[in-house]
Amino acid sequence: GLPEQRAVGSFSYDIGLHVVKGSEQLANVAVASLVPRFIVASKLSFAIWIRQAGVGEPDSVSPGAVQPMHHITTLTSTKKEGHQAVQICRRQTGESKPVSVFGHSGPTWSCAFHLSNLGTSYVKLRDPFLVVRVHVDQVGASFVATLSEQNERWPPYRLDNFSTHRI
């Protein structure tokens with residue numbers, strides 16, 4: 001939802017316009033529908049948090065849920081390139097908001113992935129380690145991202161950089 005202290009006019013929502021031509025008796029009619037631009041479908045066996053990368057409050061996604069992902073970005077924002085990038089993390093049972101783990105500044109979020117990039121990509125969750133497959137299809141005017149668990153045997157290797165140097 002919208003933060004209570006902000007006016008509705010200072011936000012923009014991503015929606016799609018889906019137009020279908022009528023059939024038979026309605027051949028001269030076009031039906032226009034406003035649909036969510038981004039939809040997240042979880043085939044995961046556990047609940048997750050999902051958020052727009054770097055901004056906004058996270059939303060909860062239950063196992064097996066299909067729900068719209070409303071990006072709420074201020075109109076004065078100049079950071080356009082990360083607009084559709086989102087991150088996920090595990091949701092602990094009974095958790096109403098993501099909590100910090102002792103010794104960490106917050107939950108362990110995945111790398112960012114874009115909901116508008118069609119195809120398949122993979123993100124990593126930690127504690128415990130899991131690779132999540134993200135498959136994005138376009139259905140009408142909506143981008144549908146399906147999240148599912150990847151086979152444990154993939155990838156065949158894993159690289160972690162625990163040094164102080166960037167690679």
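Let's start with confidence: the mean pLDDT of the protein is 79, and 75% of its residues reach 70 or more. Keep in mind that this is a predicted model. The weak spot to know about is residues 1–7, where the pLDDT is below 50. Leaving out near neighbours in sequence, that stretch has eight contacts in the model.

Now for the overall layout. The protein has 13 strands and zero helices, so walking along the sequence you meet β-β-β-β-β-β-β-β-β-β-β-β-β. Of the 167 residues, 32% are buried. If you take the contacts between residues at least 6 apart in sequence, 52% of them join residues at least 24 apart. On the outside, the accessible surface comes to about 11,300 Å², and carbon and sulfur atoms own 53% of that.

Next, head for the inside. The largest nonpolar core has 22 residues, and Ile88, Phe113, Val132 and Leu147 are the ones with the most contacts inside it. Several strands feed this core: strand 4 (38–42), strand 5 (48–52), strand 9 (85–90), strand 11 (119–125), strand 12 (130–139) and strand 13 (142–149) each supply at least two residues. Strand 12 gives the most, with four residues.

Leu147 is a handy place to stand and look around. Once you set aside its neighbours within four places in sequence, Leu147 is in contact with Ile88, Phe113 and Val132, among others. Its list also includes a run from Val40 through Ala41, Ser42 and Lys43 to Leu44, along with Ile48. Arg133 and Val134 are also among the contacts of Leu147.

Loops can be worth a visit too. Met69 sits in the loop between strand 7 (66–68) and strand 8 (73–74). Is this loop residue buried or exposed? Met69 is buried, because its relative accessible area is 5% and the cut-off for buried is under 20%. Not counting residues up to four places away in sequence, Met69 touches Phe38, Ile39, Val40, Ile50, Arg51, Gln52, Val86 and Leu115. Val144 is 75 residues away from Met69 along the chain, yet their C-alpha atoms are separated by 9.6 Å.

Arg91 gives you another loop to look at, the one between strand 9 and strand 10 (113–114). Its relative accessibility is 27%, so Arg91 counts as partly exposed. Beyond residues up to four places away in sequence, Arg91 touches Ala47, Ile48, Trp49, Ser60 and Ser96. The C-alpha atoms of Arg91 and Ile50 are 9.4 Å apart, with those positions 41 residues apart along the chain.

Finally, come out to the surface. Tyr13, Ile15, Leu17, Val19 and Leu34 make a nonpolar surface patch of about 520 Å². Which strand gives the most to this patch? That would be strand 2 (residues 15–21), with three residues. Tyr13 lies in the loop between strand 1 (11–12) and strand 2, and it is partly exposed, with a relative accessible area of 36%.

Past the other end of strand 2, check Glu24, in the loop between strand 2 and strand 3 (30–36). Glu24 is exposed, with a relative accessible area of 75%. If you're scanning backbone torsions, note that Glu24 has a positive phi of about 50 degrees although it is not a glycine.

Technical notes:
Residues are numbered from 1 along each chain as its sequence is written. This is a predicted model: local features need pLDDT of at least 70, side-chain atom pairs count only at pLDDT 80 or more; totals for chains, interfaces and linings use all residues. Side-chain values use heavy atoms; hydrogens and water are left out. A nonpolar core is a set of buried Ala, Val, Leu, Ile, Met, Phe, Trp, Tyr and Cys residues joined through side-chain atoms within 4.5 Å. Buried means under 20% relative accessible area, exposed over 50%, partly exposed in between (1.4 Å probe, protein chains only). Contact means heavy atoms within 4.5 Å. pLDDT is the predictor's confidence in each residue, from 0 to 100. Patches are made of residues with over 30% relative accessible area and no salt bridge: like charges are joined within 9 Å, nonpolar side chains (Val, Leu, Ile, Met, Phe, Trp, Tyr) within 5 Å. Accessible areas come from the Shrake-Rupley method with a 1.4 Å probe; for residues, only the protein chains shown count as cover. A salt bridge is a side-chain nitrogen of Lys or Arg within 4 Å of a carboxyl oxygen of Asp or Glu.
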